[in-house]
Amino acid sequence: MGIVGKEELAQEVAAALGDWTPTRAYEQEAAFQDDLHAYLDARLNAGGGKILDTGGNFVVERAHGELECDVVVSDTVGITIRRDLTAEQIDQLAGRVREYQKAYTHVAIIACGSIDGDNWEKLQHTYPNQRGLNNDPDSTPVMFLRRRETNYGKGDSAENYQQPDAEDPERNILQTTVSLVQRRLRRLR
């Protein structure tokens with residue numbers, strides 16, 4: 001995927017993230033991450049009406065590595081979700097953002113629930129020119145989003161998107177296989 005394709009993908013992901021809120025209040029961060037993963041996979045691969053018309057060929061995966069974002073879209077956009085952030089956790093997240101910037105062309109940080117407002121604001125001001133997920137050659141853009149518990153269940157969700165060819169499991173398996181092979185080839189380059 002070229003720079004233009006990555007930029008369009010980032011815009012598509014940013015639009016999806018802007019519409020998403022967790023479907024409910026979860027006790028664990030992993031449940032928020034699963035909710036977002038299901039939503040992005042459904043929305044980005046639903047087909048039609050998107051900036052990029054790839055016919056449902058986005059790889060949306062949950063990452064489990066120490067230095068990886070929680071949800072990754074086509075090895076390009078890294079998204080991290082944190083729940084109930086304290087000042088100390090926000091300070092730790094600031095260091096991780098720099099690592100994420102090395103691994104992805106675009107990064108999004110989503111805070112769910114309660115947060116230490118002063119430190120969250122300070123973190124956002126650390127990346128003042130990078131909020132829009134745009135193509136800045138000197139740095140990886142970072143987008144910050146806040147999801148308040150009072151809005152849970154009121155945003156867009158995975159159930160609103162029909163998966164292409166849901167009746168044809170063989171085609172779905174083929175599409176998934178092709179996507180994974182393409183992803184591995186991109187990593188080798």
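Where does Ser74 lie? In this predicted model, Ser74 sits in the loop between β2 (71-73) and β3. Its phi is near 50°, a positive value in a residue other than glycine. Ser74 is also buried, with just 3% relative accessible area. Asp84 makes a handy companion case: its phi is near 45°, again a positive value in a residue other than glycine. Asp84, however, belongs to strand β3, and with a relative accessible area of 28% it counts as partly exposed.

Before going further, a word on confidence. The protein averages a pLDDT of 79, and 70% of the residues score at least 70. Strand β3 (residues 77-85) comes out highest, at a mean of 94, while helix α5 (residues 169-188) comes out lowest, at 56. Two stretches call for some care. Over residues 49-54 pLDDT stays under 50, and the model has 15 contacts there beyond four places in sequence. Residues 131-138 likewise stay under 50, with 17 contacts beyond four places in sequence. Where pLDDT is low, the predicted coordinates should not be read in detail.

On to the sheet. Five strands form an open sheet in the order β1-β2-β3-β4-β5, and the pairing is mixed. β1 and β5 (142-147) are the edge strands, each pairing on one side only. On average, neighbouring strands of this sheet are turned by 20° against each other, direction ignored. At one edge, β1 and β2 run antiparallel and are joined by three bridges. Arg62 stands opposite Val71 in β2. Helix α2 (residues 29-44) packs on the sheet and touches β1, β2, β3 and β4 (106-115). The direction of α2 makes about 145° with that of β3.

Arg62 deserves a closer look. This residue lies in strand β1 (residues 60-62). Is Arg62 buried or exposed? At 19% relative accessibility, Arg62 counts as buried, because the cut-off for that label is under 20%. Its side chain has two polar partners to report. One is the side chain of Gln33, joined to that of Arg62 by a polar contact of 3.1 Å. The other is the backbone oxygen of Asp70, which lies 3.3 Å from a polar atom of the Arg62 side chain. Leaving out residues up to four places away in sequence, Arg62 touches Ala30, Gln33, Asp34, His37, Asp70 and Val71. Val71, then, is both a contact of Arg62 and the residue opposite it in β2.

What remains is the nonpolar packing. The largest nonpolar core has 28 residues, and those with the most contacts inside it are Val13, Leu17, Leu36, Leu40, Val73, Ile79 and Ile110. At least two residues of this core come from each of α1 (3-19), α2, β2, β3, β4 and β5. Taking Val13 as an example, its contacts are Leu44, Val73, Val77 and Ile79, not counting residues up to four places away in sequence. Among these, Val73 and Ile79 are themselves on the list of residues with the most contacts inside the core. There is also a second, separate core of 18 residues, which includes Ile90, Ile115, Val142 and Phe144.

Methods:
Residues numbered from 1 in each chain as written. Predicted model: local features only at pLDDT ≥ 70, side-chain atom pairs only at ≥ 80, totals over all residues. Heavy atoms only, no water. pLDDT = per-residue confidence, 0-100. Helix = DSSP H or I, 4+ residues; strand = E, 2+ residues; numbered from the N terminus. Contact = heavy atoms within 4.5 Å. Buried < 20%, exposed > 50% of the residue type's maximum accessible area, 1.4 Å probe, protein only. Polar contact = N/O pair within 3.5 Å; in protein donor to acceptor, adjacent residues only side chain to side chain. Pairing = 2+ DSSP bridges. Axes fitted to C-alpha atoms, helices over the stretch in contact; angles between N-to-C directions. Core = buried A, V, L, I, M, F, W, Y, C linked by side-chain atoms within 4.5 Å.
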